[in-house]
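Colleague: I would love a close look at one part of this model, namely how its aromatic rings are paired. Please walk me through it and then set it in the context of the whole fold.

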Amino acid sequence: MSKERYIAAKQKWAEKQVARGVRPRLERAEGRLPPGQKLTEGFPVLDLGVQPDIPLPEWTLTLDGLVQQPTVLSWADFNALPQVSDVSDFHCVTTWSKYDCRWDGVPFTALYERVQPTAEARFVYFTSYDGYSTNVPLEQCLDDDVLIATRFDGAPLPLEHGGPARVIIPKLYAWKGAKFVKAISFLAEDKLGFWEVRGYSNTADPWREERYA
Ligand SMILES: Nc1nc2c(c(=O)[nH]1)N[C@H]1C(S)=C(S)[C@@H](COP(=O)(O)O)O[C@H]1N2
Ligand SMILES: [Mo]
């Protein structure tokens with residue numbers, strides 16, 4: 001994990017804090033839909049058939065693995081962390097995309113700062129309250145558009161879309177973003193998640209159509 005990359009992410013995040021509020025991603029106005037995707041106006045729900053309803057007083061987010069400060073955050077602790085607002089497009093591997101999703105929540109970089117991963121940490125493994133899991137390289141989690149969202153389109157994140165908190169990683173297919181997130185582990189070696197062990201791509205770049213391995 002290069003320090004430079006972390007600092008660059010922090011700087012972009014700081015600029016976003018200054019701008020605050022919503023900043024639609026206009027950069028991709030041209031050719032905005034990734035190959036093989038269709039635009040949807042609705043917001044389909046994809047899950048494993050279980051939507052775990054965790055009462056907020058019982059909700060925790062565990063941050064562990066190769067970190068200097070292993071932490072279990074309560075809902076209050078989590079919401080006391082720095083906040084960010086971001087608008088991004090959402091691409092599901094089943095070929096639907098949704099434009100201009102507005103997410104509010106805690107930037108991944110804030111969690112990174114809180115737990116201070118060791119130099120050995122290079123991968124992140126997410127687990128969820130419904131038994132789901134997924135994995136992403138740490139560098140990609142440090143992009144300024146990666147957050148743990150608690151609000152969608154200005155309202156608390158509904159349970160069906162992963163409330164109370166879900167991971168959003170706009171540059172990857174949406175299965176890389178864990179709904180109902182419960183734990184985030186920092187690892188030296190990559191560890192495949194729920195769909196990754198079932199043949200989905202490990203890299204999941206919608207612009208390269210990395211759907212299945
Ligand atoms: N915990 C959990 N997270 C998950 C999933 C899941 O089944 N369980 N499905 C993934 C998939 S395949 C997609 S496309 C998105 C769907 O998010 P949505 O239901 O809000 O559209 O969540 C991802 N995160
Ligand atoms: Mo998906």
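**The aromatic rings up close**

Modeller: Let's begin with two phenylalanines, F43 and F152, both of which are buried. Please keep in mind that we are looking at a predicted model. A pair of aromatic rings is described by two things, the distance of the centres and the angle of the planes. The structure holds 18 aromatic pairs. In the pair formed by F43 and F152, the ring centres are 5.1 Å apart and the planes meet at 50°, so this pair is tilted. As for where the two partners sit, F43 belongs to the loop between β1 (38–39) and β2 (60–65), while F152 is in strand β8 (residues 147–152). The pair therefore ties together parts that are 109 residues apart in sequence.

There is also a cluster to explore: ring pairs link Y132, Y173, W175, F194, W195, Y200 and Y212. One of its members, F194, has an arginine over its face, with R198 at 3.8 Å from the ring centre. A second arginine of this kind is R32, which lies over the face of Y99 at 4.0 Å from the ring centre.

Now for the wider setting. The protein has four helices and 11 strands, and 49% of its 213 residues count as buried. Of the contacts with a separation of 6 or more, 72% are between residues 24 or more positions apart. On the outside, the accessible surface comes to about 9900 Å², with 53% of that belonging to carbon and sulfur atoms.

Helix α3 is worth a stop too. This helix covers residues 108–115, and six of its eight residues are buried, so α3 is largely enclosed by the rest of the structure. The buried residues in α3 are F108, T109, A110, L111, Y112 and V115, and aromatic side chains are again among them, in F108 and Y112. Just after the helix, Q116 takes a positive phi of about 50°.

Finally, a word on the cysteines. With a cut-off of 2.5 Å between cysteine sulfur atoms, the count comes to zero disulfides. C92 is buried, with a relative accessible area of 7%, and C141 is buried as well, at 0%.

To come back to your request, I would start on screen with the tilted pair of F43 and F152, then move to the cluster that includes F194 and W195, and then to R198 over the face of F194.

Definitions and conventions
Residues numbered from 1 in each chain as written. Chains lettered and ligands numbered in written order. Predicted model: local features only at pLDDT ≥ 70, side-chain atom pairs only at ≥ 80, totals over all residues. Heavy atoms only, no water. Phe/Tyr/Trp six-rings, centres within 6.5 Å; stacked < 30°, edge-to-face > 60°. Helix = DSSP H or I, 4+ residues; strand = E, 2+ residues; numbered from the N terminus. Buried < 20%, exposed > 50% of the residue type's maximum accessible area, 1.4 Å probe, protein only. Lys NZ or Arg CZ within 6 Å of the ring centre and 35° of its normal. Contact = heavy atoms within 4.5 Å. Areas by Shrake-Rupley, 256 points an atom, 1.4 Å probe, with all protein chains shown as cover.
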